[in-house]
Amino acid sequence: MDAQELPLSTSNIAESAAVGGSAVSPSPADAPALPENPVLVIKSGRRWMGLELGDLWRHRDLFFFLAWRDVKVRYKQTALGVTWAILQPLLTMVVFTFFFGRLAKVPSDGEPYAIFSYAGLLPWNFFSSAVTNSGNSLVGNASLITKVYFPRLVIPGAAVAAALVDFILASLILLLMMAWYGVSFTPALLMFPLLTLLITLIALGTGMWMSALNVKYRDIRYALPFVLQLWMFVTPIIYPLSFVPAGWRWLLRLNPLSGAIAGFRAAIFGHPFPWSDVAISLGIALAVLVYSAYAFRRMEMQFADII
Amino acid sequence: MRPIIKVENLGKRYRIGSRQPYHTLRESLMETITAPARWVRRAAMSSGRQAASKPQGEYVDALNEVSFEVQPGDVLGIIGRNGAGKSTLLKILSRITEPTTGQAELYGRVGSLLEVGTGFHPELTGRDNVYLSGAILGMRRAEIARKFDEIVAFAEVDRFIDTPVKHYSSGMYVRLAFGVAAHLEPEILLVDEVLAVGDAAFQKRCLGKMGDVARTGRTVIFVSHNMASIEALCSSCMIIKGGQLDAIGAPDEMVSRYMTSEIIRDQGTRDLRKHPGRSSISTPLMTSVALSSSEAGAVRIAAPLSVEATFAAPHPVRPILAVTIKSAHGAPIFGVSNRWTRQGFDGPALAEGKITCRFPRLPLMPGTYLLDLYFGDFADQTRDLDVIIDAVTLEVFPADVYGTGLLPRAMDGPVFSDAEWIVSSEGDAS
């Protein structure tokens, strides 16, 4: 190896700068003043770096556009378009009402079974599609992840937000059904947005975690629909919480969706609000969210390498 | 002046082999279950022997101990062969992937442009994609709105801005995508080979836009295989070789250094004695083939090229050589042979020697080509004695053939042709 082949010495750097300076570099006058401290330090071994909420906040426009893209693209080239958002819970409700309400005579807290089950299906469908979409979101956006930097949390977050749009549309049908069945509108309905937020938190926590796992283990893609299917049956959607023997209800309450959906029904029908159920649900939701955020951050730096 | 980018001992190690990149869930569950045992074992080992606790496997250092500095306003070109680590370096600096060792300090906001059309969605309209892609590249919504008209004008797609981009021609698509990217205004811009698209006029505008970027005092790191644009755009240039920094200096020096060092070795002599492409019925007569060009070893567009086959036969032969040049995908482009020209027909029979085929002005566009070699004997013209498919790879590099700074476009096909142009008024056409 001759001298020129040796790894770069500092003197070489200085020389290159001089060469560069003579060619295109601007005069010192219009060169931007450099900050004292680096804007960014890149090094290995950063594992738990905090949530970097500031960084997320700076990318709020990206969050908006990704959610907006998902919404806009979802029903492109479909004949029924956005009607699908309404059709799915509506038809499921019809089938459930026939089989579970009419034939199996599942109790429904004294309300018409149709609206009872729709009140459960509505948040469930939101949760289920939010988790499915966000669970597959990182893998689906692999081309972005390997080409551009931005906080990766934006991707599963935007997928959840996109699912929220369908939920809002399907909620309008709920209002029509309430009017049709003569369910009176009570102030309890004001809890609706807060409960939506609760479901969003549960979906975000679950979806974020699944999306990160999916990058590493593609098993998630196959496991997720199956798990969600089972999950639906252990959530009081086609039956009320009171349908379950009292001794087993505590187990059902560990499912954060139980409390949330009980809350939804109470808000819609103006029943006494199940504060403790909702509180348990919120507690579990926050715990899942914190753990997921931690797990996500820990895996985030590897995404581009293994996706 | 203080550097705006300071890179110290940056390295990236990938694990290769069957266990990566996909773990199965079962593997991971087993790892989780056996983790306590591992912790105990690790704790038992002295802390100084950390390396020993790393999982065993094969590693490849995509980047190894790279250190350099970039001054504000500098346009640094990075050249190197495929897989040398150029893109890995860019990906680390743009925070897409994490380094394994070392660190980089950046004294400015970073924007990266590793691909044209990142985040473009075919179903969305041009307008939607400008906003989406802009946001993905790191622009704020207000910023995109402010530059929207400029972007559309730059891309020349005004009439189609509300048409889904899946209906765009590839040229329109690329122009719009580059239009968004070109209006990115970070203090440090990292660019990977995105100029290798579009037609010549558009490439020139892109080069112009990149030049503007440099003149506004922004710092640019620019990875390219295109030596002509490296020379045109960069104020300094770096060669990366095998994951390591080979040299850094003035662009023209670096380009010629790269051309001579890397390419001569690559396109120099290729041993043919145990070539996998040799057809089964062949007698191995050709022992090596050498490609050479007059210009410092690099084969540039419209430069001379010599293909020299060395042979050793058990009986003296009057050699016939046929060379077929094929695209990288294997489609034949053209072939030549002295079988038809009859050169050497009356010559002496040789047991050992060389036969050279010389193209005075290689009619190939920049790109990668494969050469098939057919060797025969004028004494027995009914068959080829030695046939080697894909015998050697030929890399043709761009050059400023017209002296205008404009490159012919590779998308028009692999053949480079000379042409004369006559412009006249209708009356006196000669």
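Two strands count as paired if DSSP finds at least two bridges between them. The structure examined here is a predicted model.

**Exercise 1.** Determine how strands E13 and E16 of chain B are joined, and which residue of E16(B) stands opposite B:Thr324.

*Solution.*
Step 1. Locate the strands: E13 covers residues 319-327 of chain B, and E16 covers residues 367-377 of chain B.
Step 2. Count the bridges: nine join E13 to E16. The definition asks for at least two bridges, so E13 and E16 of chain B, with nine, are paired.
Step 3. State the direction: the two strands run antiparallel.
Step 4. Identify the partner: in E16(B), B:Asp372 lies opposite B:Thr324.

**Exercise 2.** Place these strands in their sheet and explain why one side of E14 and of E17 of chain B is left without a neighbour.

*Solution.*
Step 1. Write the order: the open sheet of four strands in chain B reads E14-E13-E16-E17, with antiparallel pairing.
Step 2. Examine the edges: E14 (332-337) and E17 (386-396) of chain B each have a single partner strand, so one side of each has no neighbour in the sheet.
Step 3. Give the twist: from one strand to the next, it averages 20°.

**Exercise 3.** Describe the open sheet of chain B that contains E10, and find the bridge partner of B:Asp271.

*Solution.*
Step 1. Write the order: E10-E11-E12-E15, four strands with antiparallel pairing.
Step 2. Name the edge strands: E10 (269-271) and E15 (350-359) of chain B, each of which pairs on one side only.
Step 3. Consider E10 and E11 of chain B: three bridges join E10 to E11 (residues 286-292), and the strands run antiparallel.
Step 4. Identify the partner: B:Asp271 is bridged to B:Ser288 in E11(B).

Technical notes
Residues are numbered from 1 along each chain as its sequence is written. Chains are lettered from A and ligands numbered from 1 in the order in which they are written. This is a predicted model: local features need pLDDT of at least 70, side-chain atom pairs count only at pLDDT 80 or more; totals for chains, interfaces and linings use all residues. Axes are lines fitted to C-alpha atoms, for helices over the stretch in contact, and angles run from 0 to 180 degrees between N-to-C directions.
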